[in-house]
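Here's a quick tour of one structure, starting with how its nonpolar side chains pack and ending with its charged pairs. Have the viewer open as you read.

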Amino acid sequence: MIRLAVLALLAATPSFAQSPQATIEARQANFKAIAKAFKELNDELKKSAPSLAVLRTAAADLQKSSVRIAGFFPAGTGPETDLKTDALPAIWRNPAGFTEAARRHTAAVDALVAATRGSDMAAIRTAAGAVGPTCKGCHDSFRKPQS
Ligand code: HEC
């Protein structure tokens, strides 16, 4: 029982007891999951008759990964490790700014999840459109520019 509780805690807080490399890999996998869910959602919205069930699942998947972002950046997992990461030192120099960028993102995703509970496609589209800028908003300041 106690062991199970400890395992659950470790799963919920990836920054503890993991090597910098494992943490970086887990956060990159989490961003891949975020991008996948967001793409599924946007692809569905391009259809003439989007499926609410697909939209709800994609939004829930996106939310599950989005809330985990902020926990994946413990000190000692930046470019100073010489490991393969696009995280910029600004994350640790400006933690309040980074936390705010993550908060804006999860707020937009929460609003999207709420919109998918209804069936108003226009509202869902608007909510989905508000998420993309929160990805870019964080990347612009905290992720190495992509070539
Ligand atoms: C609060 C900041 C933040 C938000 C919000 C954010 N990202 Fe990122 N993203 C990053 C950082 C930092 C990295 C680099 C991580 C690393 O390499 O260690 C990254 C990396 C990625 C990657 C590359 C993962 C890999 O393969 O290495 C993808 C894809 C990505 N983000 C997509 C998205 C999408 C799509 C959204 C919005 C739906 C989003 N991100 C929101 C900060 C953010």
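## The nonpolar core

Let's begin inside. The largest nonpolar core holds 28 residues, and the members that touch the most others are Leu41, Leu62, Phe73, Leu112, Val131 and Phe142. At least two core residues come from each of these helices: α2 (20-46), α3 (52-66), α4 (90-93), α5 (95-117), α6 (121-129) and α7 (132-142). The top contributor is α5, which puts in seven residues. Keep in mind that this is a predicted model.

As background, nonpolar side chains tend to be buried together in soluble globular proteins.

## A look around Phe73

Which residues is Phe73 in contact with, leaving aside its neighbours within four places in sequence? They are Arg27, Phe31, Ala87, Ile91, Trp92 and Phe98. Phe73 is also one of the core members that touch the most others.

## Salt bridges in α2

Now for the charges. Side chains of opposite charge can pair when their charged atoms come close. Searching the whole structure turns up eight salt bridges.

Two of them involve Asp43. In one, the side chain of Asp43 meets that of Lys39, at 2.6 Å from N to O. Both residues sit in helix α2, four residues apart, or about one turn of the helix. In the other, Asp43 meets the side chain of Lys46, with an N to O distance of 3.3 Å. Lys46 and Asp43 are three residues apart in helix α2, so about one helical turn separates them.

How exposed are these residues? Asp43 has 31% relative accessibility; the exposed class starts over 50% and the buried class is under 20%, so Asp43 counts as partly exposed. Lys46, with a relative accessible area of 67%, is exposed.

## A pair in α7, and a network

Helix α7 has a pair of its own: Asp140 forms a salt bridge with Lys136, and their closest N and O atoms are 2.8 Å apart. These two are four residues apart in helix α7, so they too are separated by about one helical turn. Are they buried or exposed? Both Asp140 and Lys136 are exposed.

Back in α2, the bridges link up: Lys39, Asp43 and Lys46 are joined into one network by salt bridges that share partners. Asp43 is the residue that pairs with Lys39 and with Lys46.

Technical notes:
Residues are numbered from 1 along each chain as its sequence is written. This is a predicted model: local features need pLDDT of at least 70, side-chain atom pairs count only at pLDDT 80 or more; totals for chains, interfaces and linings use all residues. Side-chain values use heavy atoms; hydrogens and water are left out. A nonpolar core is a set of buried Ala, Val, Leu, Ile, Met, Phe, Trp, Tyr and Cys residues joined through side-chain atoms within 4.5 Å. Buried means under 20% relative accessible area, exposed over 50%, partly exposed in between (1.4 Å probe, protein chains only). Contact means heavy atoms within 4.5 Å. A salt bridge is a side-chain nitrogen of Lys or Arg within 4 Å of a carboxyl oxygen of Asp or Glu.
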